[in-house]
Amino acid sequence: MTTDLLILMKQELVVTFIIFILLFIKIGKGIKNETLLPLIQLLLLTNFVIGFFFNKEGILFGGMYNTTALMVFQKNILSLATYLISLLCVGWLKKSDHLAEFFLLMLSALLGMFFMISAGNLLMFYLSLELATIPIAAIANFDLEKRRSSEAAMKMILSSAFSSGILLFGISLLYGATGTIDFVALPALLNGSPLQLFAFIFLFAAFAFKLSIVPFHLYTADVYEGAPIAVTSFLSVVSKGAIAFIFITALYKVFRPMEEVWYNMLVILSVATMLVGNLFALRQQQFKRFLAFSSIAQVGFILVGISSGAPEGLSAVVYFVLIYVFSNLAAFGVAELISNQTGKETIDDYKGMYATNPFLSWVLAIALFSLAGIPPTAGFFGKLFLITAGASKASYWFIIIAALNMMISLFYYLKVVRAVFMDKSEQPIEKINIPASAKLALLLCGAGIVLLGILSWVYDYIVSLVK
Amino acid sequence: MNLLLLLGIPLLTAVLVLMSRNQQQVKWVSFAGASVQLILSLALYYYFQKASASGATGMLFQQTYSWFPTWGINFHVGVDGIALAMILLTAFVVLAGVLVSWNVEKMTKEFYFLLILLSFGAYGFFISLDLFILFFFLEIAVIPKYLLIGIWGSGKKEYSANKLALMLMGGSALVLVGLLGVYFSGEERTFDLIKLSQLHLSPLTQKICFPLLFIGFGVFTALFPFHTWVPDGHSSAPTAGSMFLAGISMKLGGYGCLRVATFMMPDAAHQYAPYIIVLSSIAILYGAFATMMQKDLKYINAYSSISHCGFVLLGIGMLTKTALTGAVMQMVSHGLMTALFFAVIGMVYQRTHTRQVNEMGGLMKSMPFITTILFIVGLCSLGLPGLSGFVAEMTVFMGAWQNPGMFYRIATIAACMSIVVTAVYILRAIGKTAMGPIKEEFKNLPDASWNEKLAAGVLLAGILAIGLAPFWLNDLITPGTEIIINKLTGK
Amino acid sequence: MMQPGLYHILIISAALFFIGVFGFFTRRNLITMLMSIELILNSVNLNFIAFNKYVWPHKMDGLFFSLFVIAIAAAEAAVAIAIIINLYRSHQSIDVEDAGEMKY
Amino acid sequence: MMNPVYIALIPLLPLAGFLMLGLFGRKFFKETSGIIATLLLLTAFGLSVYVAYDYFTHANGGVYPKTIAFQYTWLRFTDTLSIDMGALIDPISVMMLLVVTFVSLMVHIYSLAYVKGEERFATYYAYLMLFTFSMLGLVLSSNLFQIYIFWELVGLSSFLLIGFYYNKPSAVAACKKAFIVTRFADLGFLIGILILSFYSGTLDFATLINTLTTPESAAMKNAVTASFLGVSAISWGMALVFIGGAGKSAMFPLHIWLPDAMEGPTPVSALIHAATMVVAGVFLVARLFPVFALTTPAVLEIVGWVGAFSAIFAAMIACTQTDIKRVLAYSTMSQIGFMLFALGVSKYGGENGLGFTASMFHLFTHAMFKALLFLGAGAVIHYVHSNEMKDMGGLRKLLPITHITFLIACLAIAGVPPFAGFFSKEEILLAAFNGNKTIYYVALLTSGLTAFYMFRLYFNIFWSKEPATQHDKHHGEGGFAMMMPLVLLAIGAAAAGFIPFGNFVSSDGAKLESHFHLAFSAAPVLIGLSGILLAFVMYKKQSNKATNLANSLGGIYKTVYHKFYIDELYLFITKKILFNLIGRPAAWFDKNVVDGLVNATGNATTMISAKIKGMQSGRVQQYAAYFFAGVFGLVLIFLYIWK
């Protein structure tokens, strides 16, 4: 039992352990950022690496917590993303007065996500969801003196509190209708009665809120724009990924009897999400806000994959999230480097950037192409598999809309590419000094974007995990 | 012969280009790569002939590697005569494209890298026997085009680049849906072209997927009314970009229409053939008439490409063996011809700094070589015997006429009429640029340099090889079209 | 004397829920909005308790759930108030309408 | 049987010359290209003579066989349809070989002097070689498609040579016009080929003619029963093929390019636009004559009428033109009209095939005297540096050889015995008299006109007024190179008529005895002589008789002078209708509608994007309201509507 606990919960335990180290460091005599940051990076790397060892599947606490190889892999993706963020945002982090707290909160959120992925019970799920949300709201406010940062945090905490209220209301009704909150016991008790449906829709809405599905997405762009880039990237990549994973588990495992309902919901919402996300992304100038809407559109694609309701969908989503981590973080990383050193954050500012910063330009371009789903980047494979998974069930119209949305999204991604490569500018961004760790992270991202698709064994590995 | 070499050489070249230290190195590396690739293609032709002589038919040199087994995706490559013809075309155009870009000064390395990436996509596309990798390579080629036009182009380049990229992506989106429809309708989850062609797809699937695939690929090959990217894209692109666009990229669409849409869905092909014929006849005549009004040389060639690519689609729509052969020939011929045309336009533009036909005149005096090439390519475009255009067009006409029925007759005659209109606009363009009194400022312009001569020579060799001795191309293509036609007639 | 039944309680909780939602939509003071959310959470708690007592008396999940909800609500409120205080520092106001800089 | 290599060499030698001079001429053979080309052609001519001798001395039982010297498959469409490159040897092709190589040789020699000093001397010869090659390929064609291929190639070389002075805008316009008009006619030819090939299932001449003249064959039945607009498919096919021929042979209404084609160097006009290329249409009809005569006599009648009409039409215009080359051009058109209607009135086989023989005979003699006329005119132009009659006059003393040879040619074309034209024309008239009386009278009238305008030309050049003094006399008549061809051709023009042509060429290959009817010849000869007399009266001395006559004719004269306004009509059709009513709208449609739709899609997307931006209002309460509305929307849909 004890060894089980240690091994099955190893990732959670490691994160907890890191959190405690940080706490002690903070309580004791503070360490300078210059030494603290590499230490944290090392710890995060350890966390990531440990994910690959001592893998075991099992159930703990009477079903409250369970873990499978797939879940471990999903958590690894999140760990990797966190590690990459810690590398990419060194510039901003070094300047911060509250480095330890920042990671403390961020890792708490990560811990929440780990538990969320492994949750076997609605209570567990709710608790970990809150653990994953509230700290993020706090760190969204980390640019303490910036008006936008506090506005973003306010919007985040109020919206998510509201959505928790909705979620809880749904859970309470579900409990009333079935008498259980256990994931394993629930499916058998679901019969599609109106009350259950009602409860399910409330639950679904809460998930939709976290995933920023239209029309529950409205907070996303404002929070992304206002929050520091480190937080934005964490939100857009790690938090989204975690929610997507648990969302699939919930739909596929728990709410399987209601498949017909959620399939139709997904189709409707996915079309709306892709369209609205794309249409809003078209008109954005602020790069972070632009990425926010683009990530909303990406979620629309994830929904296409999820809608398949088959293992293929699950593997496609996991694969896509993995690719999305690299692509989005590369884009955010470039934005962070530029913003941190020049304070420029709009697409117009990027004009003529290629002349001064070819490396960053190429990384940005590759990242955007991957997001747009252009081969040979991995994004192409990710998107294609999502659509293929979705097409196994969907009607032609749905797939045509999804495919055409890829075209619209290309339009705005190309807008950035055009600014970077083609437009002339009076004052292009000066040569950016790229810290070594950020460069490493960007290279990792670039390699990931290029190789993840071509090396098909990564996908095969995910498939083997799903089975 | 190992077909992967065809992919390996461009990749290697691309890597070497990226590693090059200066412009000279970049150019020579690209030149060497393109030359090796041409030799390789010719070698492939030799081995293919040898294999065919010993009785091998169908797809030769097949190789299969499992890529994404979950989805039934294999890296399956192989060539038949049709694919080989397209590969040869690509090799010729790429070499010429590399040569005419010799004096690109701006971001040379990136330029050549993108060119080679583009060619990589084309080679991959033509050897693919798996629909997934076919689609993969189809899309690879889009972004290099966008960047080539957007960065090195002229005129309203951003607009054109955007339009091109979006329309092509829209086309490939439709292709994707069509492919998925096919993928999920068979008894087996496979993207393998050969396996799929052996299955009988349900009529409903065919009815839905055929138009998706055909229109999707049709966008690439300027199917009316989805052709508007062609004039803008071609005219804004840098010389080599236009050459690749018209010479290679538009052929991807034609090849896809033939190999994917028509081959896999014979019932639907019969069902939709009248629509294809109507659209392509419109494209042929309408493109020709629209060309007549153009004053910019690049627009002239771009619009004429719409007209000429109409022949490809017409040939496919006619669904006879001869017509299909003609369609493939027209692809090869048009590819060589239009690439050469753009190359010449580029040479002229570089010297006169104008592309308006009204502003030129008498250039034959100062640059006899370039204008001679312009003449030849113009004549090829209007279908003069001895040059490739004639052979291809006549084969299409011959094939088209084999269909009895007034509808086919009228469509064929309409298409035939374009040869007159073509003569009008080509002679007008040539008359205004090469002939007539020369302007003072053009009197001392230099004639072609060695690289331009070589580039023109390479393409001209191809044009003449087909125009003077078409039988080799015919013999190469016919077995391939025979398989398609047998499938179409249910044999 | 009439014993209050499940439906009475459910009606009250539904009313609470909607009052909370309404308050959240209409109040302009951030603190009041936070209080509205507490109303929603309390309606949820009522639900849990009521279901537990009347429908599933042997399954104590509801009871525990409501305990946790209370705890989390407190945590959420703490963070929210901290954020609101910081907002007040930068905006000199806790009116929600004043914090709408980022839009479109 | 003769060695096919010899036959193959005849077209291949000029081809080799073209390649050599075209590729390297400018650099390596700048001076010597003329000599090289001439020598090559001399060889080809020698071979032709040899081939002709060999062929005509090996008649097989009185019938000249149609043999295929060699044949290679060039492009295979289907199992039966293929383009073969080969050489079909029969009387007419052998005759044409002789004509083409001979006239071409003359022109090559002549050009040595005429084009000398031109910067693009080598190019000129390269083009000439290309033309000769194409023309030889055309006459040797064994396959319907082969003839089309060479048909286009002669069109190209004609285009290149007309536009040889490429910096002259009028030359550019003329060469474009020539190419496009003939191209338009070729469209008909092409469609005709498609129709014929479809019904006969072959492109090979021998098989094709065989199939389409056997009424029992299935192909034939199909071709006759299938009809469009009430006309049988085979008639359509033959008529369309004839359109191609009419275009190349400058028959009305496709003749407009020929006068303009005179912008080219004069020797070129002599070769291409008088002796060889323009008779390709006649040759084509002759080649397919069995089908015309046996299967589609109605079409053959059309051929006859088109020929007759063109003959008189052109003759009338020729009477009014003042540019000497244009007069000759219209005269060419008129004479080709003669050849065509001769075919038109002819029947197949035996005595009835007299028209065919006559037509070929006239083609042969016409080549001699018309080439001579052009070369003579070239000598004159070379001398006075002008094409206009008004700049000439009284040149007989200054250009004696030219004068004599020109006179011989004029007599020949006017049909004065014993010159060549007399014999051939007489045969034609006889055939017309037997075949179609109306055409006969038209032809008779035309011969009179011919004599008149030719001598108008002659008198205006060589008599009329005293020579103007400003001619530079230092280059004289142009030397040996220019005079020798004139003399040789003059001998031909004078003596060619005595060849017993019917012995060699006839509609069915059998020998045909030509009879000489003195009584019949009287009428045409008299008419011709009166034409000459009229010209003598009007133009021997400078006078205003001609002007008075023109004035008295008023509107009619003006109409004829303006070539019946056909050019203007074409201009109207192309500029106003083709460009303004089709081209411009097409371009407009593309730019505004098709492109506009694409742009509109883009704009609409941007507009919608701007319209819905209010959703993202920045107010968190509104966000929550959307959230809640979303929840209720889902509830509404899935709880109430869906089920």
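Where in chain A is A:P215 found? I begin with that residue, and then turn to the chain interfaces, a buried tyrosine and a surface patch. Please bear in mind throughout that this is a predicted model.

A:P215 sits in the loop that runs between α10 and α11 of chain A. The peptide bond leading into this proline, from A:V214, is cis, and its omega is near 5°. Chain B offers a cis peptide bond as well, joining B:F224 and B:P225, with omega at about -5°. B:P225 also belongs to a loop, in this case the one between α9 (203-220) and α10 (229-236) of chain B.

While we are on the backbone of chain B, two further residues deserve mention. B:M107 is not a glycine, yet its phi is positive, at about 50°. This methionine is placed in the loop between α3 (81-100) and α4 (108-127), and it counts as partly exposed because its relative accessibility is 21%. B:L319, likewise not a glycine, has a positive phi of about 55°. It lies in the loop between α13 (297-318) and α14 (321-352) of chain B. With a relative accessibility of 13%, B:L319 counts as buried.

I turn now to the interfaces. Which chains share the most contacts among the 5 pairs that touch? They are chains B and D. By contrast, no contact joins chain B and chain C, and their closest C-alpha atoms are 25 Å apart. One residue of chain B that meets chain D is B:N474, in helix α20 (residues 471-488). Setting aside residues up to four places away in sequence, B:N474 touches B:T325 and B:M329 in its own chain, and D:L75 and D:R76 in chain D. It is buried, since its relative accessible area is 3%, under the 20% limit.

Next, chains A and D. Here 35 residues of chain A are in contact with 23 residues of chain D. The area buried between the two chains is about 2700 Å², and carbon and sulfur atoms give 82% of it. On the chain A side, A:I201, A:L218 and A:F280 lose the most area to chain D, together 22% of what that side buries. As for polar features, 0 salt bridges are found across this interface, while 4 residue pairs are in polar contact. Several helices of chain A each supply at least two residues to the side touching chain D, among them α8 (147-178) and α14 (287-307). The greatest contribution to that side comes from α13(A), with 9 residues.

Within chain A, I would also draw attention to A:Y252, in helix α12 (residues 229-254). Is this tyrosine buried or exposed? It is buried, with a relative accessible area of 10%. Beyond its neighbours within four places in sequence, its contacts include A:W262, A:G305, A:I306 and A:L314. The side chain of A:Y252 comes to 2.7 Å from the backbone oxygen of A:I306. A:P187 is 65 residues from A:Y252 in sequence, and the two C-alpha atoms are 10.0 Å apart in space.

Finally, the surface of chain A. A nonpolar patch there has about 810 Å² of accessible area in total, and its members include A:L6, A:L42 and A:F52. Helices α1 (2-8) and α3 (33-50) each provide at least two of its residues, and α3(A) gives the most, with 3. One residue of helix α3 is A:L42, which is exposed, at 53% relative accessible area.

Conventions. Residues numbered from 1 in each chain as written. Chains lettered and ligands numbered in written order. Predicted model: local features only at pLDDT ≥ 70, side-chain atom pairs only at ≥ 80, totals over all residues. Heavy atoms only, no water. Patch = residues over 30% accessible without salt bridge, like charges linked within 9 Å, V, L, I, M, F, W, Y side chains within 5 Å. Areas by Shrake-Rupley, 256 points an atom, 1.4 Å probe, with all protein chains shown as cover. Salt bridge = Lys/Arg side-chain N within 4 Å of Asp/Glu carboxyl O. Helix = DSSP H or I, 4+ residues; strand = E, 2+ residues; numbered from the N terminus. Buried < 20%, exposed > 50% of the residue type's maximum accessible area, 1.4 Å probe, protein only. Contact = heavy atoms within 4.5 Å. Buried area = accessible area lost by both parts, 1.4 Å probe. Polar contact = N/O pair within 3.5 Å; in protein donor to acceptor, adjacent residues only side chain to side chain.
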